[in-house]
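User: I am new to reading protein models, and I would like to go through this one by question and answer. Please explain each term when it comes up.

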Amino acid sequence: MTDHVTPDQIDAVLAHVDAGLNASLERLYALLRIKSISTDPAFKAECQQAADWIVGELKTIGFDAAAHATEGHSVVWAKGPEQDGAHVLFYAHYDVQPVDPLHLWDSDPFEPVLKTDAQGRKIIVARGASDDKGQMMTFIEACRAWQAVTGTLPVRISLMLEGEEESGGKNLPPFMEAHKDALSAADIALVCDTDMWDRQTPSITTMLRGMVGEEIEITCANKDLHSGMFGNAARNPNQLLAEIIASLRAPDGSVTLEGFYDDVAEVSPEIKAQWASLGFDEAAYMGEAGLSIPAGEANRSVLEMLWARPTCEINGMIGGYTGDGFKTVIPAKASAKISFRLVSGMDPDKIRAAFRSHVQAMVPADCSVRFTSHGGAPAITVPSDGTHLQQALNGLSSEWGKPAVITGSGGSIPVAGDFKRILGLDTLLIGFAQIDDAIHSPNEKYDLASYHRGIRSWVRVLAALAG
């Protein structure tokens with residue numbers, strides 16, 4: 001540790017967190033009561049209210065903070081005291097999902113309630129309790145405790161808090177571009193928008209898959225046709241679309257696009273061994289979805305397929321008559337929405353081009369295909385031997401009394417890709433949510449233990465990052 005962080009200081013800060021938990025909860029409740037639903041224009045004022053509330057709280061603990069206007073909702077940017085050593089950039093979002101259907105909530109979604117669940121655990125129930133206000137406040141409260149006890153922070157800290165993550169986040173990358181020089185001065189980005197491996201095992205997500213979204217529309221005849229008058233003679237776009245879709249995977253579950261796996265690296269034996277030690281129950285995981293036989297690539301574990309292998313999935317298909325009853329028609333058009341999840345090293349543009357070439361090669365000369373892009377982003381992977389990662393793992397392990405683990409994620413968090421693409425920063429995703437938090441759903445909750453020990457965890461992680 002550096003000379004300005006000692007074990008006694010850490011203990012004193014942790015004791016302050018414990019003693020001030022009730023006051024900390026009241027601050028969280030105040031933020032949860034603000035209806036910052038970013039996707040609904042009716043709540044624009046509430047989104048600004050949330051941003052202003054956060055700015056006010058950050059100023060009380062020594063941050064230079066302001067809500068910066070964008071074409072959408074404000075970005076809160078705050079900078080801690082100048083000091084030597086590591087510089088971290090923390091990201092979270094203060095906006096929340098709509099609450100519909102309201103009748104399925106057991107209490108007012110914007111009046112937080114501390115309840116006891118069926119397992120006897122204390123839980124905070126409110127929209128945004130887990131995603132992402134509760135998670136965000138664990139970090140802010142850790143900073144508050146360090147300031148209260150020591151008068152400073154163990155590392156240099158900047159915060160960038162978004163107000164439209166739940167509605168696309170299109171205005172954050174331009175903000176990052178406009179402030180690139182200042183933001184990229186950080187050494188590492190921290191994101192608190194993920195969960196733990198289980199209730200006793202903290203984790204850091206170091207692998208996020210990228211994404212390519214494509215929509216195709218096949219046109220054959222110039223109008224819908226009677227299937228008795230034109231059957232056999234006329235090309236059916238539903239049939240053609242089905243053939244194209246079926247051709248995207250081989251019998252062994254692999255994706256058939258030319259060059260699809262060229263840039264896909266194998267997971268190291270060390271990481272595979274750690275994943276094997278996690279005790280992941282493949283049968284139970286599949287059973288939750290009412291299934292029992294894993295699909296995808298043969299001879300790969302479910303965790304490997306979820307975290308470290310690319311995918312091709314058919315998200316929607318439309319063609320012909322889909323109403324009640326029956327209509328004997330050969331449609332003129334058929335369409336599908338297809339997504340590819342990418343792993344580190346894969347180029348979204350290369351995959352999109354390979355897909356389009358594959359489709360075009362299967363479309364007859366008297367038919368046509370129209371492509372619509374639905375975005376793309378590369379995957380990210382943080383080197384498993386990185387100094388900041390090891391420091392953060394040590395900090396988490398010291399709080400939870402067992403080794404923190406490195407995990408991957410089958411999903412995509414675009415901001416992590418933006419940190420790498422725009423700012424050149426690696427991202428550590430450290431969160432304390434639980435799989436049953438019902439984010440985006442009625443009765444969203446955050447375990448009181450997640451909140452309390454999340455604050456304590458950040459106290460230790462920040463100390464560990466000090467060196």
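User: How many bridges join β4 to strand β5?

Analyst: This is a predicted model, in which local features need pLDDT of at least 70, side-chain atom pairs count only at pLDDT 80 or more, and totals for chains, interfaces and linings use all residues. Residues are numbered from 1 along each chain as its sequence is written, and side-chain values use heavy atoms, with hydrogens and water left out. Strands are DSSP runs of E with at least two residues, and helices are runs of H or I with at least four, numbered from the N terminus, while two strands pair if DSSP finds at least two bridges between them. Strand β5 covers residues 122-125 and runs antiparallel to β4, and the bridges joining them number four.

User: Which residue in β5 is the bridge partner of K115?

Analyst: β4 spans 113-116 and is an edge strand, pairing on one side only. The sheet is open, with the order β4-β5-β18. In β5, the partner of K115 is I123.

User: Which helix gives the most to the largest nonpolar core?

Analyst: A nonpolar core is a set of buried (under 20% relative accessible area, 1.4 Å probe, protein chains only) Ala, Val, Leu, Ile, Met, Phe, Trp, Tyr and Cys residues joined through side-chain atoms within 4.5 Å. The largest one has 72 residues, and W458 is among those with the most contacts inside it. The top contributor, with nine residues, is α15.

Key. Buried < 20%, exposed > 50% of the residue type's maximum accessible area, 1.4 Å probe, protein only.
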